Amino acid sequence: MPIAEKRVTAEDIMPLDKYAQCRKMMRSQILDVKRPRRIDVGPFATLYFENFDTMLAQIQEMLFIENGGDEQLEDELTAYNPMIPQGQELTATLMFEIEDEKRRGDILRTLTDVEMKVYVDVNGEKFFAVPEQETERTASDGKTSSVHFLHFPVSEQGIAAFKQDDAKVIIGIEHDNYGHMTVLSADSVASLRADFS
């Protein structure tokens, strides 16, 4: 099936009793998939680049934990399928991970609209994030959410550059109050490269 048609369906979901039997092994396997797709940017921000496998694992785990049946399955499919990249993009969950609640609130109030300032740089060409529009992510006091769901549409030229063995890929945030970037390892570039058609 082409990447552009990838969607998790009910047929992809393992029965919960069977999942319970192999859950430990499957969680270990998905960690291996996720490892090169987890990118720290600066002291607080982490991007978790998603794909079919990570979203299937997330849905399967949510169903196992909450045991909400068919109604929950439909909700999970609706929530997570949009985060499966469709061949011309990368997708990521951006999280600001700050343990202290007061400090977290103080910092998030300085990061209004940060989700619009995240980019993937491929050999010097920047592709900025387009946030999922399902919910408002900024409070009335300017406090941004600690979690954002992002799409990075990449041009045909950018995809071709990404697929080159010598591609230099940077993930960055250029917010006035949070300016950081990370150069991706070869393993991370190879993993993300597979998301393109």
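Let us start with one residue of this predicted model: Arg38 has a relative accessibility of 38%, so it counts as partly exposed. Its salt-bridge partner is Asp40, and the closest N and O atoms of Arg38 and Asp40 lie 3.0 Å apart. Asp40 is partly exposed as well, with a relative accessible area of 37%.

**Salt bridges**

The whole structure holds eight salt bridges. Three of them are set out here.

| Salt bridge | N to O distance |
|---|---|
| Arg23 and Glu61 | 2.2 Å |
| Arg37 and Asp195 | 2.6 Å |
| Arg38 and Asp40 | 3.0 Å |

Take the pair of Arg23 and Glu61, with its N and O atoms 2.2 Å apart. This pair ties together distant parts of the chain: Arg23 belongs to helix α1 (residues 16-34) and Glu61 to helix α2 (residues 52-66), 38 residues apart. Is Glu61 buried or exposed? Its relative accessibility is 10%, and because buried means under 20%, Glu61 counts as buried. Arg23, at 24%, counts as partly exposed. Arg23 and Glu61 also belong to a network of salt bridges that includes Arg27.

Now for Arg37 and Asp195, whose side chains meet in a salt bridge at 2.6 Å, N to O. Here too distant parts of the chain are linked: Arg37 sits in the loop between α1 and β1, Asp195 in the segment after α6, and 158 residues separate the two. Both Arg37 and Asp195 are buried.

**The nonpolar cores**

Arg37 also leads us to Phe49, since the two are in contact. Leaving aside neighbours within four places in sequence, Phe49 has further contacts, among them Ile39, Leu90, Val120, Phe152 and Leu192. Phe49 is part of the largest nonpolar core, which has 35 residues. Which members touch the most other members? They are Leu47, Phe49, Phe96, Val120, Phe152 and Phe162. Strand β3 (residues 89-96) gives the most to this core, with four residues. There is also a second, separate core of 13 residues, including Ile13, Met55, Leu77 and Met83.

**A four-stranded sheet**

Finally, look for an open sheet of four strands, in the order β5-β4-β8-β9 and with antiparallel pairing. Why is one side of β5 and of β9 left without a neighbour in the sheet? Strands β5 (125-128) and β9 (178-183) stand at the edges and each has a single partner strand, so one side stays free of a neighbour. On average, neighbouring strands of this sheet are turned by 20 degrees against each other, direction ignored. Strand β8 (residues 169-175) is joined to β9 by six bridges, and the two run antiparallel. Gly172 stands opposite Met181 in β9.

Terms used:
Residues are numbered from 1 along each chain as its sequence is written. This is a predicted model: local features need pLDDT of at least 70, side-chain atom pairs count only at pLDDT 80 or more; totals for chains, interfaces and linings use all residues. Side-chain values use heavy atoms; hydrogens and water are left out. A nonpolar core is a set of buried Ala, Val, Leu, Ile, Met, Phe, Trp, Tyr and Cys residues joined through side-chain atoms within 4.5 Å. Buried means under 20% relative accessible area, exposed over 50%, partly exposed in between (1.4 Å probe, protein chains only). Contact means heavy atoms within 4.5 Å. Two strands pair if DSSP finds at least two bridges between them. Axes are lines fitted to C-alpha atoms, for helices over the stretch in contact, and angles run from 0 to 180 degrees between N-to-C directions. A salt bridge is a side-chain nitrogen of Lys or Arg within 4 Å of a carboxyl oxygen of Asp or Glu.
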